[in-house]
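Biologist: Could you take me through this one slowly? I'd like to hear the reasoning behind each label.

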Amino acid sequence: MTSKRYSLIVATSENMAIGRGNRMPWHISADLKYFKKLTKNGTVIMGRHTWESLGCKPLPLRENIIVSRSLTVEKAAFAAVGSDVVASGSVGGSVGGGAAVGAAVEDVAGSVVRGSVAAVGAAAGDVAVCVGGSVGGGAAVGVVAGSVVRGSVDAVGAAAGDVAVCVGGSVGGGAAVGAAAGAAATVTMVAPSIEEALKMASRDEIFVIGGGEIYRQTMPGAYRLYITSVKTIIDDADTYFPKIDSSKWRIIWESEVFHDTKTNFDFQFIQYLTNEN
Ligand SMILES: NC(=O)c1ccc[n+]([C@@H]2O[C@H](COP(=O)([O-])OP(=O)(O)OC[C@H]3O[C@@H](n4cnc5c(N)ncnc54)[C@H](OP(=O)(O)O)[C@@H]3O)[C@@H](O)[C@H]2O)c1
């Protein structure tokens with residue numbers, strides 16, 4: 001799939017249940033803390049259902065990449081930044097699309113430049129939205145303390161604490177977004193395929209965070225599994241994690257077994273490494 005190393009991170013029951021009604025079947029705060037600690041500053045790749053289960057909000061201080069064939073930049077932008085951005089028209093990966101996004105950002109930043117490629121500059125603290133598609137149609141967005149960054153290829157810079165939303169079809173777009181934004185910023189991107197999401201991922205650590213469909217497709221190429229094993233059986237789940245094949249995966253670390261007083265479930269953190277690379 002790609003030469004980039006990535007990990008899967010998941011909480012599963014003993015019968016490998018992970019979801020019910022587009023929610024996790026439990027709320028274990030120690031597990032959420034563990035998840036946050038591991039993924040903070042990294043790239044998190046998720047399917048569209050999981051994005052929706054998070055309330056369509058990016059996980060802070062991470063590069064969020066939503067894998068979807070249907071999500072548009074408008075939906076992602078609205079979702080990620082709420083009512084701060086007013087988008088209009090239909091936005092694609094073309095130059096025209098970039099202009100539409102420029103219009104959307106105008107309300108927020110008050111400063112929009114349009115050209116053969118769309119260039120949008122917003123002061124630090126504002127919200128930038130860009131559409132990256134093919135190289136020619138890429139949007140260049142700069143949000144580095146008020147200075148506009150332009151380039152012939154997609155480039156997005158965001159100061160710490162800013163939010164950048166980018167739909168990138170091209171490798172350069174995604175990579176530039178993450179690289180410029182640095183580890184401190186919250187970035188949201190939409191990828192049309194898992195392969196593209198992995199190409200776009202730019203942080204040092206890449207985590208696939210679900211859900212079932214995405215885990216199934218990414219497990220064969222994964223390097224590491226971070227499993228929270230919840231010691232219970234969930235009978236009425238609708239989403240499952242694939243079986244962990246012991247000939248392919250070996251346990252490299254496991255925690256003690258903890259008890260969650262709210263759910264009354266025992267749970268344990270287990271890390272597996274692949275035997276294959
Ligand atoms: N226990 C845990 O640790 C954990 C973690 C995460 C999620 N979950 C749970 O898992 C459930 C959600 O999982 P799910 O299997 O229903 O959905 P999902 O994997 O989150 O998302 C599925 C969607 O992702 C997109 N997608 C999948 N494969 C794609 C591909 N190859 N190329 C492009 N797009 C692709 C499609 O979106 P479009 O339809 O837009 O094209 C598809 O409908 C929820 O219950 C959630 O709470 C549990």
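Biologist: Among contacts in the protein chain between residues at least 6 apart in sequence, what share joins residues at least 24 apart?

Modeller: It's 57%. A contact here means two residues whose C-beta atoms, placed from the backbone, lie within 7 Å. One thing up front: this is a predicted model, where local features need pLDDT of at least 70, side-chain atom pairs count only at pLDDT 80 or more, and totals for chains, interfaces and linings use all residues. Residues are numbered from 1 along each chain as its sequence is written.

Biologist: What is the mean pLDDT of the protein chain?

Modeller: pLDDT is the predictor's confidence in each residue, from 0 to 100. The mean for the protein chain is 71, and 58% of its residues reach 70 or more. Over residues 81-183, pLDDT stays under 50, and the model has 237 contacts beyond four places in sequence for them.

Biologist: Why is Thr39 called buried?

Modeller: A residue is buried if 20 or more other C-beta atoms lie within 10 Å of its own, exposed if 12 or fewer, and partly exposed in between, with C-beta atoms placed from the backbone. Thr39 has 21 other C-beta atoms within 10 Å, so it counts as buried. Thr39 sits in helix α1 (residues 29-39). Helices (H or I, at least four residues) and strands (E, at least two) are DSSP runs, numbered from the N terminus.

Biologist: Which residues does Thr39 touch, not counting residues up to four places away in sequence?

Modeller: Ile9, Val44, Leu59, Arg62 and Phe207. Take Phe207: Thr39 and Phe207 are 168 residues apart in sequence, yet 6.9 Å apart in space, C-alpha to C-alpha.

Biologist: What makes β3 largely enclosed by the rest of the structure?

Modeller: Five of the five residues of β3 are buried, so the label fits. Thr43, Ile45 and Gly47 cover one side, Val44 and Met46 the other, and all are buried.

Biologist: How many buried residues does strand β15 have?

Modeller: Zero among its six residues (249-254), so by the buried cut-off β15 is hardly covered. For the whole protein chain of 277 residues, 48% count as buried.

Biologist: How do you know that β15 pairs with β17?

Modeller: Two strands pair if DSSP finds at least two bridges between them. Five bridges join β15 to β17 (residues 266-274), and the two run antiparallel. One example is Glu254, whose bridge partner in β17 is Ile270. Strand β13 (residues 224-230) also pairs with β17 in the antiparallel sense, over seven bridges. There, Thr228 has Phe269 as its bridge partner in β17.

Biologist: How many bridges link β16 and β17?

Modeller: Two, in the antiparallel sense, so the minimum of at least two is met. The strands form a hairpin with six residues between them, and Asn264 in the turn has a positive phi of about 70°.

Biologist: And in which sense do β3 and β4 run?

Modeller: Parallel, joined by five bridges. Val44 has Asn64 as its bridge partner in β4.

Biologist: Which residues are closest to the ligand?

Modeller: Gly19, Gly47, Gly210, Gly211 and Gly212, out of 29 that surround the ligand. To count as near, a residue needs its C-beta atom, placed from the backbone, within 6 Å. Elements giving two or more residues to this shell include β3 (43-47) and α7 (212-218).
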